[in-house]
Amino acid sequence: MSSLLQGNLSTEDKAYIDKLVAERVGRPGALLGILEAVQDRNPHKYLPSETLSYIAASTKTPLARVYSVVTFYALFNLQPQGENTICICRGTACHTRGSRSLLQGARLELGLGLQEGDSNGNEADKLLLTTGDRMFTVRTVACFGQCAMAPVVEVNHRICGHATERTLQREIETIRAGE
């Protein structure tokens, strides 16, 4: 197994990153492509700080710029992710059509509970929660740009429009059943 999971870069990990850098350096969007490929290779789909430092050095990019890219794009993760992701849109159209109750229902269904301060509507802020068994990660995004299908939920990179608490519950049950 790759040591990217543990945060220590092995010779194999460094060689993989070096190969990516050599293939993409000087191309538009090179840093984005490198970060995406390295994150996809990580078993928990995230970018540990040691990996970001190595990428910064390899691309001759200031570490602060690498972090600014990683924290700007919702695609990138700085924490280990679950095997399955549920992403709930909290944009205006989705909010007015019930995405807050979808978020609360998903959290309760997955045993993530509601924490102090959650009842004041702050779920519009970026949220990222992973179950203890790392089977699910629930996150929010500002907008998917699919407002006509609000409320919108993305389950394992598949957009589900006009989502209801029941349809989201069925999606979770399907994943748990291994279908």
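Colleague: How many disulfides does the structure hold?

Modeller: Bear in mind that this is a predicted model. A disulfide is a covalent bond between the sulfur atoms of two cysteines. A pair has to come within 2.5 Å to count, and the number of disulfides here is 0.

Colleague: Which cysteine sulfur is nearest to that of Cys87, and how far away is it?

Modeller: Cys87 is buried, with a relative accessible area of 3%. Cys87 is in no disulfide. The nearest cysteine sulfur belongs to Cys89, at 8.2 Å.

Colleague: Why is there no bond from the sulfur of Cys143 to the closest cysteine sulfur?

Modeller: Cys143 is partly exposed, at 44% relative accessible area. The closest cysteine sulfur to that of Cys143 is in Cys147. A disulfide needs the two sulfurs within 2.5 Å, so this pair is too far apart for a bond, at 4.1 Å.

Colleague: On to the rings. Is the pair of Phe72 and Tyr73 stacked or edge-to-face?

Modeller: A pair of aromatic rings is described by the distance of the centres and the angle of the planes. For Phe72 and Tyr73 the centres are 4.9 Å apart and the planes make 85 degrees. Planes over 60 degrees apart count as edge-to-face, so the pair of Phe72 and Tyr73 is edge-to-face.

Colleague: And which residue does Tyr73 pair with at 6.4 Å centre to centre?

Modeller: Centres within 6.5 Å make a pair, and this one has 90 degrees between the planes, again edge-to-face. The partner of Tyr73 is Phe76.

Colleague: Which residues form the aromatic cluster?

Modeller: The count comes to 2 aromatic pairs. As for accessibility, Phe72 is exposed at 62%, Tyr73 is partly exposed at 37% and Phe76 is buried at 3%. The one cluster is made of Phe72, Tyr73 and Phe76.

Colleague: Which residue lies over the face of Tyr16?

Modeller: A charge has to be within 6 Å of the ring centre to sit over a ring. Here the distance from the ring centre of Tyr16 is 4.4 Å, and the residue is Arg41.

Colleague: What about the largest pocket: which elements give two or more residues to its lining?

Modeller: The largest pocket has a volume of about 350 Å³. Of its 18 lining residues, those closest to the centre are Leu75, Asn77, Thr85, Arg139 and His157. The elements you're after are helix H2 (30–41), strand E1 (84–89) and strand E3 (136–141).

Colleague: How many residues of that pocket's lining are charged?

Modeller: The lining of the largest pocket has 6 nonpolar and 7 polar residues. The number of charged ones is 5.

How values were computed. Residues numbered from 1 in each chain as written. Predicted model: local features only at pLDDT ≥ 70, side-chain atom pairs only at ≥ 80, totals over all residues. Heavy atoms only, no water. Phe/Tyr/Trp six-rings, centres within 6.5 Å; stacked < 30°, edge-to-face > 60°. Buried < 20%, exposed > 50% of the residue type's maximum accessible area, 1.4 Å probe, protein only. Lys NZ or Arg CZ within 6 Å of the ring centre and 35° of its normal. 1 Å grid on protein atoms, 1.4 Å probe; cavity = no way out; pocket = protein on both sides within 12 Å on 5 of 7 lines; lining within 4 Å. Points joined across faces, edges and corners; volume = space filled by probe spheres on them. Helix = DSSP H or I, 4+ residues; strand = E, 2+ residues; numbered from the N terminus. Nonpolar A, V, L, I, M, F, W, Y, C, P; charged D, E, K, R; others polar.
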